[in-house]
Amino acid sequence: YGMVLACHLPREDPRDVLVAKSAKSLNDLPPGAVVGTSSVRRKAMLLHARPDLKIVGFRGNVDTRLKKLASGEADATILALAGLKRLGAEAHASHIFTTHEMLPAVAQGAIGVEILESNAKICDLFAPANDHETDIAVTLERAFLAVLDGSCRTPIAGLAERRDPRTLAFAGCVL
């Protein structure tokens, strides 16, 4: 379509968080607890860890989801820590999942700037803003998703992380 990711800004923490009214972890939720999420990845991971949970669709921005939680539509929800941090709302997190507990979505926490590939001047303007490490990680993650023909409707997770100057580790998951 003639579009290209001109740069990636430095990635925020890609982990997911549990936001719950009273529970401090996934295991603290009572049997049959209702968890709100519209993410097929999060739903699959939650049910893998806790098959007894009832998952209900939760849509809307962060404030909308927090209001739904407060009004009793669910006992908990799962959100991206990056989003909460960017809104100054990370205090709502009851538990920050490790990436072993809940592998994040591909490119979660990253902001990419997409532009027309044919506009060389704009490409050149954004080049200095590109965070090399984020760019490498997100490129690997997106390649994994592309090979699997994944989309927002498939339960696929992936995270690339620099372990040391010579090692880029990747974890991927299809549920």
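Start by selecting D16 and Q108: their side chains are joined by a polar contact of 3.0 Å. A polar contact here is a pair of N or O atoms within 3.5 Å; within protein, one must be able to donate a hydrogen and the other to accept it, and residues adjacent in sequence count only if both atoms are side-chain atoms. The model is predicted, so local features need pLDDT of at least 70 and side-chain atom pairs count only at pLDDT 80 or more, while totals for chains, interfaces and linings use all residues. Residues are numbered from 1 along each chain as its sequence is written, and side-chain values use heavy atoms, with hydrogens and water left out.

**Stop 1: D16 and R41**

Keep D16 selected. D16 belongs to strand 2, residues 16-20. Strands (E, at least two residues) and helices (H or I, at least four) are DSSP runs, numbered from the N terminus. D16 is buried, at 0% relative accessibility. Buried means under 20% relative accessible area, exposed over 50%, and partly exposed in between, with a 1.4 Å probe and protein chains only.

Now add R41. The side chains of D16 and R41 share a polar contact of 2.9 Å. The two residues also form a salt bridge, with the closest N and O atoms 2.9 Å apart. R41 lies in helix 1 (residues 40-49) and D16 in strand 2, so this pair ties together parts that are 25 residues apart in sequence. A salt bridge is a side-chain nitrogen of Lys or Arg within 4 Å of a carboxyl oxygen of Asp or Glu. R41 is buried, with 4% relative accessibility. Add R42 to the selection to see a network of salt bridges linking D16, R41 and R42.

**Stop 2: two further salt bridges**

The structure holds eight salt bridges. Select R15 and D13, which form one of them, with the closest N and O atoms 2.7 Å apart. R15 is partly exposed, at 27% relative accessible area, whereas D13 is buried at 15%.

Next select R50 and D52. This salt bridge has its closest N and O atoms 2.7 Å apart. R50 is buried, with a relative accessible area of 10%, and D52 is partly exposed, with 33%.

**Stop 3: H48**

Go to H48, which sits in helix 1. H48 is exposed, at 67% relative accessible area. Add L175 to the selection: the C-alpha atoms of H48 and L175 are separated by 8.7 Å, and the two residues are 127 residues apart along the chain.

**Stop 4: helix 2**

Select residues 62-70, which make up helix 2, and highlight its buried residues V62, R65, L66 and L69. Look down the axis of helix 2: the buried residues fall within an arc of 100°, so they line one face of the helix. The arc is that of the directions from the helix axis to the C-beta atoms. An α-helix has 3.6 residues a turn, so residues three or four places apart point the same way.

What do the buried residues of helix 2 pack against? They pack against strand 2, strand 5 (76-80) and helix 3 (81-86). Contact means heavy atoms within 4.5 Å.

Then check both ends of the helix. At its start, a side-chain oxygen of N61 comes to within 3.1 Å of the backbone nitrogen of D63. Just after helix 2, G72 has a positive phi of about 95°.

**Stop 5: A107 and D149**

Most residues other than glycine have a negative phi. Select A107, which has a positive phi of about 70° although it is not a glycine. A107 is in the loop between strand 6 (95-96) and strand 7 (112-116).

Move on to D149, which is not a glycine but has a positive phi of about 55°. D149 is in the loop between helix 5 (132-147) and strand 8 (156-164). Is D149 buried or exposed? At 65% relative accessibility, D149 is exposed.

**Stop 6: a nonpolar patch**

Finish with Y1, M3 and L116, which make a nonpolar surface patch of about 440 Å². Patches are made of residues with over 30% relative accessible area and no salt bridge; like charges are joined within 9 Å, and nonpolar side chains (Val, Leu, Ile, Met, Phe, Trp, Tyr) within 5 Å. Accessible areas come from the Shrake-Rupley method with a 1.4 Å probe; for residues, only the protein chains shown count as cover. Within the patch, Y1 is exposed, with a relative accessible area of 99%. Y1 is in the segment before strand 1 (3-8).
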